[in-house]
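Trainee: Got a minute? I'd like to go through this structure with you.
Mentor: Sure, put it up and ask away.

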Number of protein chains: 2
Amino acid sequence: MHQSIATVSVSGGLADKLSAIAAAKFDGIEIFDQDLISSPLSPAQVADRCAELGLSIDLFQPVRDVEGVAPQAFAAVEHRLRVKLTVMRDLGVTTLLACSNTLPGAIDDPDLSAEQLHRLGELAADQGCRIAFEALAWGRHVSRIGQAWDIVQRADHPAVTVAVDTFHMLARGDGAEALEHIPGDQIGFLQVADAPVLGMDVLQWSRHHRVFPGQGGFDLAPLVAKVFEVGYRGPLSLEVFSDVIREADASITALDAKRSLLHLEEELRRHWAAAGVARPRIGLFDPPPVPSDPEVGFIEIATEPAQLDVLLTAAGFRVAGRHRSKPVTWWANGGANLLTNESTPDTDRWVADQPRPTVTGVGLQVDDVSGFTGRREALLWPALPLRRGEGEAPLAGVDSPAGIHYFVSGQPGTREDWRLDFVPERIPRPAGEGAWSALDHLGYPVAFDVSEAEISFYRTLFGLLPGDVSEFIDPRGRLRSRVMHSDASSARVVLNVTEGHFAAPRRGLNQLAFGCSDVLAASTAMRAAGVPLLAVPANYYVDLDARFDLPEEQLAQWREAGVMYDRDESGGELLHVYTDRIAGAFYVELVQRSGGYDGYGAAGTPVRLAAQRDIEL
Amino acid sequence: MHQSIATVSVSGGLADKLSAIAAAKFDGIEIFDQDLISSPLSPAQVADRCAELGLSIDLFQPVRDVEGVAPQAFAAVEHRLRVKLTVMRDLGVTTLLACSNTLPGAIDDPDLSAEQLHRLGELAADQGCRIAFEALAWGRHVSRIGQAWDIVQRADHPAVTVAVDTFHMLARGDGAEALEHIPGDQIGFLQVADAPVLGMDVLQWSRHHRVFPGQGGFDLAPLVAKVFEVGYRGPLSLEVFSDVIREADASITALDAKRSLLHLEEELRRHWAAAGVARPRIGLFDPPPVPSDPEVGFIEIATEPAQLDVLLTAAGFRVAGRHRSKPVTWWANGGANLLTNESTPDTDRWVADQPRPTVTGVGLQVDDVSGFTGRREALLWPALPLRRGEGEAPLAGVDSPAGIHYFVSGQPGTREDWRLDFVPERIPRPAGEGAWSALDHLGYPVAFDVSEAEISFYRTLFGLLPGDVSEFIDPRGRLRSRVMHSDASSARVVLNVTEGHFAAPRRGLNQLAFGCSDVLAASTAMRAAGVPLLAVPANYYVDLDARFDLPEEQLAQWREAGVMYDRDESGGELLHVYTDRIAGAFYVELVQRSGGYDGYGAAGTPVRLAAQRDIEL
């Protein structure tokens, strides 16, 4: 499929935008007029540059407020269009996006709008161009695709077509059914954008919160599928703008955008397969599938020699093995595996430069390692270079945009099992009372400007979906938490997007939550063994009593052990306990879920944040 | 008046909040329950600390979802209230804020709500407490003050009163008239907050965008006046939360909050005077008035010796005088005065540490310098220490929160005229063709977390009002521009609030816009004399033609001279030209307004920002 993106969708000056878009392997662009106006490049120079970069110019956008205009003011509109058609000629672009009128003085008369669009169609046709008329969701009188299509039909000129923009349609509640009777050759252009579902002014929503397909809450595939089903064969083009994009580096955004279109093509393929309708004859991206049920096998921590040995032993861990070729120790406690890595990598600058300990990576176990690698490559995610010693398992690796290392291994017993890299030392402590079980979730701080890319990483590569945004008051600023999860995987990742007086987030994971069958016993044992646990204020337990009416001896036990509690509406329960931040780098949470409790103890989060106030998030 | 503030309105831990609030001279606080829950201080310790600090505890807030509850679930509510009443007893607070139920399962039955509040009133009364029932603007069924008052009347218990919160009322369109029939002794508490007028989900609006009185768009005085007119005599208390407050330092926020209440009392005084109604017998803040028509006399620039002499001469400036005691030179061009200051201050660290040139301050001329000083002191704004030499004018000084120095002098010819500090050297170049006139506006970047305080500075001290927010796309992030202006003053200040990939804003003014009677002549002359002017892209002039249908020779002249243009709806015109950033520090704009044009050429701002992209904002 011909993949395009509007220049407004990445940051920087026009020349930088073009380079970033070409580097991300797009086929074409929409030129945003203001980007051209602000550029020192002439239209002809822009055309030359695009030709050099292999980018077609698919759309010039937008002209605003060109219909529903008072007749005496229409000559100025014609002049404006003539000038812009000259610019388009120099650019070599033939489709022009015209937005529905937003001015307070716009006239509510479909016949007048149609007559004026007809005239503009004549002017465009004289230059070999055509107009795609778009109903802005906040248009004064024309704000729905049905109205725009009605006016295009009344305009009755071959150079006047309708534009489809998924944001404008879905923001106004128009889905695929609204396109049912529009012939595909009358659709002049298709712009796609996703957005989180927010109850806010639609203009603000559009300006600040659009995201790339797959990052928001819109169900895009059925709508986009319909556009192709009715016969549209033009570009699949992204028009997204947001606060995040304004701040993010153009090359990161362009790659993120490209991946979102690949992901959307995959969703289209799935949609057509599930709907059982004949797929239109269009080429679609077809990568290896997401891994089914990836599980967290281990967590890797870069340490100084023996730095955590006392602490890990106090927390119930035992050495389970030693790496065959590197100074890496495998520690186990029940189902929890930690690798402490004392080597200083020479190519991995961030790990080499970071103070220790730092939690640098996650080991995943999947069924098909080479399938995973194929998917990673197809989706343009960069490989993590791994050095493989004699007789060691052939792991795959990838870095998240925030720099988290993922090591992907096969299942236990296969030749790609990460355990093969270790000489076993001792049978791990079995699961049981107070022992830890597999990872419940992991978390880390993500800077605002890479947060969408980080979501995209988990979504496109592993099929995890972003949950709702939870907002918390933190003594130093705002914390917005988002859980990436999937029914098909036990791996859950908490992205903590921070803004405010936070230092630039220290790289690496800082929140490791393991399951535990008896948090109270584990907490008591850890405290006795000298593991520093988070000091939970006594007032918290008074509030627990107020909320849940609990027996005093129960509360006293928890208070004594620093155990926190939550209960959901259907009676599911959570007991959990936090360590202090360990050597300034990360903290561990033990989580005991029962009765189907599926949350994270959000009511206690402000308490934890305040207790952690002088320590990092 | 007894002035209070909710602990949720400042950032930090509870102990820090109390200290900051006391330091800002508040009389009392509302304890936000979550702040207590998260604190290691017990309720009794909090009470002791407040007593030490001279703060009364006026309210405990909130309990949520206590009415409209299914009867079988009400026992849990009673238990919750009992526990919280125990906490209140230990705190020594007797008023409890109860918010209207927001849960999806809330029952829409005023009689049930009244019955439940009656019961809670009995429990409260047993402990010598009372309940103030608040209609949250997003309450499930009770969202208007009239509904809350109706339920309080039905509850018919002396310990059940209604709470007034200006945000909740004004967000739902309820003004003073809604309080007409509520007896003042049935109003249990008054919370005030302002907000910008935004079309968005009211919960998000409340959580993220509340501001202190005078910083938003609500007309608070008539509503607050009415509360006192009906007989309320309790605290005037602030409950404000926002993204800015989360990030700002508690001591800055608390002072900002305190000033906003002083300002509100001044507004109340004005309201009652204008309305001609008898003012309730309450003490009200009564500072000296805002200066009438403050004018900008000069701009001060810290420079290296002779650093700008060539440039200023090329721009048409001549030396008009030399300071009597300091290495300060007065330059003039028509009505524009610049002071270049080569001294290194020993007490003024930021100026001493800053690279030069830096535009450090603004000289204002007012009618009553000592009145200004009285107002500054009454409003708790810190004095700027000034060293005064023999025979020099007694200026007053004040620093804005962002660090801009304001020097306040008397009018020309008075003994407080700043010109008296200078030995005149030469008659300034007269106003005339190409000469500059007085300052049109000045601007500077303001970090997000001090932006509200900066608005408050201009509003409380000088009576300038904030205009609408203009948003611009900048290649490096977001720029929100806000003009502080007043009909009574020619001084206009543009605050550019930045978020994104901007370096921490360099301190000082960076935008100096002077009037000019002939921008084209001035621009041509400056270019000929070697003053570096901003390179405006040719595409900009093509767009000007599209928008305004201008003669080609006119456009060619402007393009040649780098002059930008705008026209408003009524035909008012703006011609303006920018210098490049001068020595990395600031740029100058010359502004020629005609036909009542009152804007700032916003349509050209993205072009300017892009052209300035490698230079600071």
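Trainee: How many residues does each chain bring to the contact?
Mentor: Chain B brings 54 residues and chain A brings 54 residues. Contact means heavy atoms within 4.5 Å. Keep in mind that this is a predicted model: local features need pLDDT of at least 70, side-chain atom pairs count only at pLDDT 80 or more, and totals for chains, interfaces and linings use all residues. Side-chain values use heavy atoms, with hydrogens and water left out, residues are numbered from 1 along each chain as its sequence is written, and chains are lettered from A and ligands numbered from 1 in the order in which they are written.

Trainee: What area is buried between chain B and chain A?
Mentor: About 4,000 Å², and carbon and sulfur atoms give 53% of that. Buried area is the accessible area (1.4 Å probe) that two parts lose on being put together, summed over both.

Trainee: And how many salt bridges cross the interface?
Mentor: The rule finds 2 between chain B and chain A. A salt bridge needs a side-chain nitrogen of Lys or Arg within 4 Å of a carboxyl oxygen of Asp or Glu. B:Asp543 forms one with A:Lys84, with the closest N and O atoms 2.5 Å apart.

Trainee: Which helix gives the most to chain B's side?
Mentor: Helix 17 of chain B, residues 538-548, with 7 residues. Helices (H or I, at least four residues) and strands (E, at least two) are DSSP runs, numbered from the N terminus.

Trainee: What kinds of residues make up that side of chain B?
Mentor: There are 20 nonpolar, 15 polar and 19 charged. Ala, Val, Leu, Ile, Met, Phe, Trp, Tyr, Cys and Pro count as nonpolar, Asp, Glu, Lys and Arg as charged, and the others, Gly among them, as polar.

Trainee: Back to salt bridges. How many over all chains?
Mentor: The count is 53. One of them joins the side chains of A:Arg269 and A:Asp286, at 3.7 Å from N to O.

Trainee: Why does that pair tie separate parts together?
Mentor: A:Arg269 lies in helix 11 (residues 250-275) of chain A, and A:Asp286 in the loop between helix 11 and strand 9 (295-302) of chain A, so the pair ties together parts that are 17 residues apart in sequence.

Trainee: New topic: sheets. What holds strands together?
Mentor: Strands of a sheet pair through backbone hydrogen bonds, either parallel or antiparallel. Here, two strands pair if DSSP finds at least two bridges between them.

Trainee: What is the strand order in the open sheet of chain B?
Mentor: It has 8 strands in the order 14-15-13-9-12-11-10-16, with mixed pairing. Strand 14 (396-399) and strand 16 (422-424) of chain B are the edges, each pairing on one side only. The twist averages 30° from one strand to the next. Axes are lines fitted to C-alpha atoms, for helices over the stretch in contact, and angles run from 0 to 180 degrees between N-to-C directions.

Trainee: Parallel or antiparallel for strand 13 and strand 15 of chain B?
Mentor: Parallel, over 5 bridges. B:Gln365 stands opposite B:Ser409 there.

Trainee: Which strands does helix 14 of chain B touch?
Mentor: Helix 14 (residues 369-378) packs on the sheet, touching strand 14 and strand 15 of chain B. Its direction makes about 35° with that of strand 14 of chain B.

Trainee: And where does B:Gly321 pair?
Mentor: B:Gly321 stands opposite B:Trp330 in strand 11 of chain B. In strand 16 of chain B, its bridge partner is B:Pro424.
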